[in-house]
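Biologist: I should like to learn how to read the features of a structure that is new to me. May we go through it together, beginning with the terms that are needed?

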Amino acid sequence: MRQISESILQERKARVLYAVIHEYIKTGKPVGSSVLEQKYKFNLSPATLRNLMAELEKDGYLTHPHTSAGRIPTDAGYKAYVNSLVELQRLAVEEEERIKQEYEKKTKEIESLLSQTSKILSGLSNYTGFITAPKTKVNEIRNIELMQVSKSQVMVILLTKTGIVKHKMINLSVDSEELYELKKFLNNKLRGLTIEEASKRLIVEVEKYQDKQNDMLQLAEQICSVIDSIQEDIYVDGTSNVLSVPDFTDFESAKSLMKLNEDKDRLIEIIGKDLDEATVNVKIGGQDLSELKNLSVVKTSYSYGDKIVGVLGIIGPKRMDYDKMMALVNSVSNIVNGFLLKMGDEQDEE
């Protein structure tokens, strides 16, 4: 009897595994050897296909649902499939152009860009789209503006280099000349610092400031409250898309997803784990995410210049078209990077 080399055997098993996953993604039905024989050109006998599927099940990549003769992928099977996607398939030119056209409708404020991005990811994937706001620790202050609203009230407007704008009304009695000096003082001391650095620096600098120290300390405390109000945030859209997927009928899993959608801090923590800045990252529920056991997360980072500032991606069922979702997430990330740079250049010109 002719012996088959180990490399050929592993290659056959990989081809069978990917065919099963591909067919299951398309139909949502357990896949039998007869389906593989009819639809995929293996040039292998039905008995050989059955043996290969049995070995894949033994290896933990396939499983039997109930008493069905067909098999479906396990989490380990999906993971092996994802790891085999060496090159991401690029989106068709017209689809990428469609994404760009969507962005043309946005306003210049970063909040609108982030909100639009989560909607685009959700709309094009038919799953849940998300994007985190630029991280607090890498947000650098571009400018601080002070506007006198009344004799006793001043509006503080804070603009970061990533385009985030925060404003807050504070109680402060100053004349226009004093207000100008305060604004100049703040920008000289804080411009170019990260949000994290600015709060610490402000108190230190004010303590050195002798004239009207009490007023300056009062202002420092209130400015710090504005700075500290810039917290990490996440924009999520299309949660109902995932809950309506036929595969997703488990009540506990639905409850877990809805709870996580409300607990934004925990969601940010989960999607921020183990992110390789150079690649699209896939986390498959059960293996990696106990709170999303029946779901998968496809994510990547986005940058401002050479700094990674946030994460974006989609949450969907384990039975998804991974190569298409990975390409979508990668393309949207590239577009967001470009728009952030463009917004930064426009602000520099103003």
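Modeller: Let us begin with burial: a residue counts as buried when its relative accessible area is under 20%, as exposed when it is over 50%, and as partly exposed in between. K13 is buried, because its relative accessible area is 7%. Please keep in mind that this is a predicted model.

Biologist: How many helices and strands does the protein have, and what percentage of its residues is buried?

Modeller: The protein contains 13 helices and 10 strands. Of its 350 residues, 46% are buried. Its accessible surface comes to about 18200 Å², and carbon and sulfur atoms account for 47% of that area.

Biologist: What do the contacts say about residues that are far apart in sequence?

Modeller: Among contacts between residues at least 6 apart in sequence, 60% join residues at least 24 apart.

Biologist: I would next like to understand salt bridges. How many does the structure hold?

Modeller: A salt bridge is counted when a side-chain nitrogen of Lys or Arg is within 4 Å of a carboxyl oxygen of Asp or Glu. The structure holds six of them. One of these joins the side chains of D59 and K13, at 2.7 Å from N to O. D59 lies in the loop between α3 (46-58) and β1 (62-63), whereas K13 lies in helix α1 (residues 6-27), so the pair ties together parts that are 46 residues apart in sequence.

Biologist: Is D59 buried or partly exposed?

Modeller: D59 is partly exposed, because its relative accessible area is 41%. K13 and D59 also belong, together with E55, to a network of salt bridges.

Biologist: Which residue forms a salt bridge with R71?

Modeller: The partner of R71 is E57, and their closest N and O atoms are 2.8 Å apart. This pair links distant parts of the chain: R71 is in the loop between β1 and β2 (72-73), E57 is in helix α3, and the two are 14 residues apart. R71 counts as buried at 12% relative accessibility, while E57 counts as partly exposed at 26%.

Biologist: Where in the chain are D75 and K318?

Modeller: The side chains of D75 and K318 meet in a salt bridge, with 2.7 Å from N to O. D75 is in helix α4 (residues 75-83), and K318 is in the loop between β10 (307-317) and α13 (322-349), so that the pair links parts of the chain 243 residues apart. D75 is buried, with a relative accessible area of 16%.

Biologist: How should one read the length of a helix, taking α7 and α6 as examples?

Modeller: One compares the distance from the first C-alpha to the last with the span expected at 1.5 Å a residue. Helix α7 (residues 176-190) has 15 residues and reaches 21 Å, close to the expected 21 Å. Its buried residues include L179, L182, F185 and L186. Just after α7, G192 takes a positive phi of about 90 degrees.

Helix α6 (residues 110-125) has 16 residues and reaches 22 Å, close to the expected 22 Å. Among its buried residues are I110, L113, L114, I120 and L121. Just after α6, N126 takes a positive phi of about 65 degrees.

Biologist: How is the sheet of five strands to be read?

Modeller: One reads the order of the strands and the sense of their pairing. This open sheet has the order β7-β3-β10-β9-β8, with antiparallel pairing. Its edge strands are β7 (234-237) and β8 (281-284), each of which pairs on one side only. Neighbouring strands are turned by 20 degrees against each other on average, direction ignored.

Biologist: Which residue in β7 stands opposite T132?

Modeller: Strand β3 (residues 128-132) pairs with β7 in the antiparallel sense over four bridges, and T132 stands opposite I234 in β7. Helix α6 packs on the sheet, touching β3, β7, β9 (295-304) and β10, and its direction makes about 155 degrees with that of β3. Helix α12 (residues 264-271) lies across β3, β7, β9 and β10, running at about 95 degrees to β7.

Biologist: Finally, which residues does E23 touch, leaving out those up to four places away in sequence?

Modeller: E23 is found in helix α1 and is buried, with a relative accessible area of 4%. Apart from residues up to four places away in sequence, E23 touches G28, V31, V35, K39 and Y40.

Key
Residues are numbered from 1 along each chain as its sequence is written. This is a predicted model: local features need pLDDT of at least 70, side-chain atom pairs count only at pLDDT 80 or more; totals for chains, interfaces and linings use all residues. Side-chain values use heavy atoms; hydrogens and water are left out. The expected span of a helix is 1.5 Å times one less than its number of residues. Buried means under 20% relative accessible area, exposed over 50%, partly exposed in between (1.4 Å probe, protein chains only). Contact means heavy atoms within 4.5 Å. Accessible areas come from the Shrake-Rupley method with a 1.4 Å probe; for residues, only the protein chains shown count as cover. Two strands pair if DSSP finds at least two bridges between them. Axes are lines fitted to C-alpha atoms, for helices over the stretch in contact, and angles run from 0 to 180 degrees between N-to-C directions.
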